[in-house]
Amino acid sequence: MNNFEKRKFLDYVEKLMPVTDTNSYSFDAVFDFMLNEFKINPKQFDCIDKDGNLELESTKAREVFAKQMKKVVKKLKEKIQPRNTKLEQQLLTIKEIFTLNNMEYEILLYMAFKEINNIFDKYFECLENQSLSTFSRVYLGLRCGKKERLLDGLHRKNITESRRSDCINDIFLEILDNPQCDSADKIISILIGKKQKATLKLEDFSHIKDTQKVINILSQAVMQKKKGVNILLYGGVGTGKTEYSKLIANKANIPMYSVITELGNMNYKEADREDRLVDLNAKQHLLSRTEGACILFDEGEDVMNRGFGYGGSASKGYLNTLLETTSVPIIWTTNNIYDVDPAFLRRMTYCIEFEKLSEETRLNIWNRVIKKNKLKVSKEKLTELNKNYDIPPSLISNAVQTTKMIGGDENDFEGLIENVAKVVTKKKNVKNKKEFELKEYDESLVNTDVDIKNLTQKIKSCGKLNFSLCLYGEPGTGKSQYARYLAKQLGVEVIYKRASDLMSKWVGESEQNIAAAFAEAKSKKAMLIFDEADSFLQNRNNASHSWEITQVNEMLTWMESHEYPFVCTTNLLDTLDEASLRRFTFKIRFDFMNNEQVNCAIEHFFGIKVKDKNIDIKGLTAGDFATVKKKTDFLDIIDLDEIVTMLREEVKVKKSKELKNSIGF
């Protein structure tokens with residue numbers, strides 16, 4: 001026990017004797033320690049028997065012993081001259097670093113001594129109720145409730161393990177156990193953790209256009225010591241947000257430190273919202289003392305989501321204030337801004353969306369990662385993989401490293417890509433199908449309520465791309481094929497999405513997928529086609545869940561602001577939300593073929609000219625002809641009567657209300 005511990009121990013004993021249980025086994029050990037450590041003559045006490053044991057059965061005996069102990073302790077304190085020990089210097093430095101008041105400092109000493117020296121712990125066990133409450137009331141003279149407020153303050157500075165806890169955080173014990181931690185700089189360096197270093201280069205993020213701007217914002221915020229600077233990076237999983245954060249900090253020559261994701265105790269427990277906010281608050285305080293730094297808060301949705309109220313551990317107002325007053329710039333990353341409260345989004349200084357990568361950008365990343373890891377993959381195979389798997393950079397890197405680890409070849413590499421992509425995308429079939437190849441399109445075979453040929457020419461000649469189409473009608477009537485044909489006439493790329501590509505069982509993910517599709521179309525200036533649009537544009541008046549409404553709202557918002565061709569196809573126009581219908585530039589009905597078109601289609605698909613015979617079949621579509629064409633090619637059928645019979649069979653299986661109401665059907 002060093003000089004500082006001795007003085008403090010005697011001080012505790014002197015002031016806490018009135019509330020000490022001198023009959024406990026723990027006190028016997030404490031008393032024996034005092035006799036040996038301080039060379040106390042036991043004859044000074046009247047209540048010691050011939051064997052050296054305490055006899056304190058009566059109240060009077062305990063009162064006499066307490067008075068005698070107080071006199072002995074007072075004399076001992078006079079003999080021990082104050083000396084500045086390493087431990088005291090460390091604790092005083094911690095007090096200064098966190099600007100603790102005297103009461104907070106005394107509680108810090110209580111928690112520290114209890115862990116550092118077993119005899120302190122044993123003595124505190126002898127107190128009434130064996131608690132900090134007794135210590136606070138008697139030794140510190142605190143009124144009820146004040147102790148809890150002090151503990152909350154210590155926890156916000158990450159000094160205690162949890163709220164209202166009297167256990168000091170492990171990291172402070174590591175500091176106190178290390179005699180080399182004898183200055184504020186050394187202690188702070190341990191508390192803030194390691195600097196975050198980037199492993200990628202600027203060229204890896206050439207697709208991000210705002211890099212220099214965000215570097216300038218970060219640099220000026222630190223230089224001017226500007227408060228309330230928050231930068232948000234959002235986008236899909238594995239798109240490089242975390243690495244980008246480190247890179248811009250490194251390029252700005254500003255040290256970056258990360259908020260914890262797990263607790264540093266023996267169990268390595270996952271850090272919850274409260275733990276992460278406490279660490280953020282502590283790092284803000286510590287880094288504000290330095291010349292300049294920034295903080296990375298990865299997975300920001302942990303604390304910025306909408307889940308305030310029941311089960312929440314921080315108020316919305318508290319977080320608003322934190323964002324507005326942070327003395328250290330914070331870079332937040334999140335995969336999903338739909339769960340982030342709008343109040344927090346409004347307080348962001350700058351936001352960057354990590355959009356879906358273009359095919360060219362993704363191929364460059366494939367090449368860089370392959371080259372860096374010296375994995376042998378042919379150029380042809382790499383091009384094929386890039387077309388087949390639309391995945392984020394992190395998956396590419398992971399698959400490369402795993403292939404190298406197992407000594408695999410390019411086929412193993414593809415297998416690993418597909419295996420992990422299934423989990424990330426939550427789809428069984430992640431391999432992209434071959435691009436739709438539009439063959440000759442015959443407008444005369446499409447039965448619409450407008451002159452489709454004339455409309456196509458006018459859209460093409462006007463030179464404008466900010467239009468939208470709602471193509472509705474029976475299945476197989478050529479809605480999607482017309483949209484692709486129109487895109488080809490306009491010379492724009494097609495981004496085609498089915499309902500299954502967009503809908504998700506996870507809350508907020510459908511909205512995220514919708515936003516990502518529009519963002520991708522915008523970046524590529526492509527035509528966006530949503531097939532089965534009735535799945536996510538249902539009338540909100542019929543919604544039974546809140547997420548059904550938010551999906552429609554998300555669609556409507558994007559439809560309102562989208563600058564490039566947008567096409568929805570549906571078989572169920574009556575189910576669409578009325579607000580969505582008002583937003584379509586053109587609404588075109590696709591119907592079954594008329595008799596003239598049926599006869600033309602027979603010649604178009606089968607090369608058979610119908611002369612005198614008029615084929616009268618109601619309910620046929622171009623899709624039916626395509627299906628029958630496959631059958632005839634497979635069965636080598638060329639007879640017109642057999643072809644007509646097959647066409648009639650296709651109509652029979654349809655459930656169209658229009659056909660059921662037809663006479664003779």
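Two strands pair if DSSP finds at least two bridges between them. Strands (E, at least two residues) and helices (H or I, at least four residues) are DSSP runs, numbered from the N terminus. With that in hand, start at the six-stranded open sheet, whose order is E6-E11-E7-E10-E9-E8. Its pairing is mixed.

Some ground rules come before the next click. This is a predicted model, in which local features need pLDDT of at least 70 and side-chain atom pairs count only at pLDDT 80 or more, while totals for chains, interfaces and linings use all residues. Residues are numbered from 1 along each chain as its sequence is written, and side-chain values use heavy atoms, with hydrogens and water left out.

**Stop 1: the mixed sheet**

Select 447-448 and 494-497. These are strands E6 and E8, the edges of the sheet. Each pairs on one side only.

Now select residues 566-570, strand E10. Strand E9 (residues 527-530) runs parallel to E10, joined by three bridges. Show Leu-528: Phe-566 of E10 stands opposite. Show Ile-529: its bridge partner in E10 is Val-567.

Move to strand E7, residues 468-473. E7 also pairs with E10 in the parallel sense, over five bridges. Pick Cys-470 here; its bridge partner in E10 is Cys-568.

Is E10 enclosed or open? Five of its five residues are buried, so the strand is largely enclosed by the rest of the structure. Buried means under 20% relative accessible area, exposed means over 50%, and partly exposed lies in between (1.4 Å probe, protein chains only). Colour the two faces of E10 separately. Phe-566, Cys-568 and Thr-570 lie on one side, with Val-567 and Thr-569 on the other, and all are buried.

**Stop 2: the cysteines**

How many disulfides does a search of the whole structure find? Zero. A disulfide here is a pair of cysteine sulfur atoms within 2.5 Å.

Stay on Cys-568. The nearest cysteine sulfur is that of Cys-470, 6.5 Å away, and Cys-568 is in no disulfide. Its relative accessible area is 1%, which makes Cys-568 buried.

Jump to Cys-126. This residue is in no disulfide either; the nearest cysteine sulfur belongs to Cys-47, 15 Å away. Cys-126 is buried, with a relative accessible area of 1%.

Then select residues 595-606, helix H27, and find Cys-600 there. Cys-600 has 38% relative accessibility and counts as partly exposed. Draw a line from its C-alpha to that of Phe-65. The two atoms are 116 Å apart, for residues separated by 535 positions along the chain.

**Stop 3: the parallel sheet**

Next comes an open sheet of five strands, in the order E2-E3-E4-E1-E5. Its pairing is parallel. E2 and E5 (350-354) are the edge strands, each pairing on one side only. From one strand to the next, the twist averages 20°.

Select residues 230-235 for strand E1 and 330-334 for strand E4. The two run parallel, joined by five bridges. Show Leu-233, whose bridge partner in E4 is Thr-333.

Step out to the loop between helix H12 (241-251) and strand E2 (256-258), and pick Asn-253. Asn-253 is exposed, with a relative accessible area of 70%. Its C-alpha is separated from that of Asp-639 by 78 Å; the two residues are 386 apart along the chain.

**Stop 4: two helix pairs**

Two packed helices are described by the angle between their axes and the distance between the axes. Axes are lines fitted to C-alpha atoms, for helices over the stretch in contact, and angles run from 0 to 180 degrees between N-to-C directions.

Select H21 (residues 452-462) and H22 (residues 479-490). They pack at about 35°, with axes 10 Å apart. Which residues of H21 meet H22? They are Ile-452, Leu-455, Thr-456, Ile-459 and Lys-460. Contact means heavy atoms within 4.5 Å. On the H22 side, look for Tyr-482, Tyr-485, Leu-486, Gln-489 and Leu-490.

Finish with H9 (residues 170-177) and H10 (residues 184-192). Their packing angle is about 145°, and the axes are 10 Å apart. Show Ile-171, Phe-172 and Ile-175 in H9, which meet Ile-187, Ile-190 and Leu-191 in H10.
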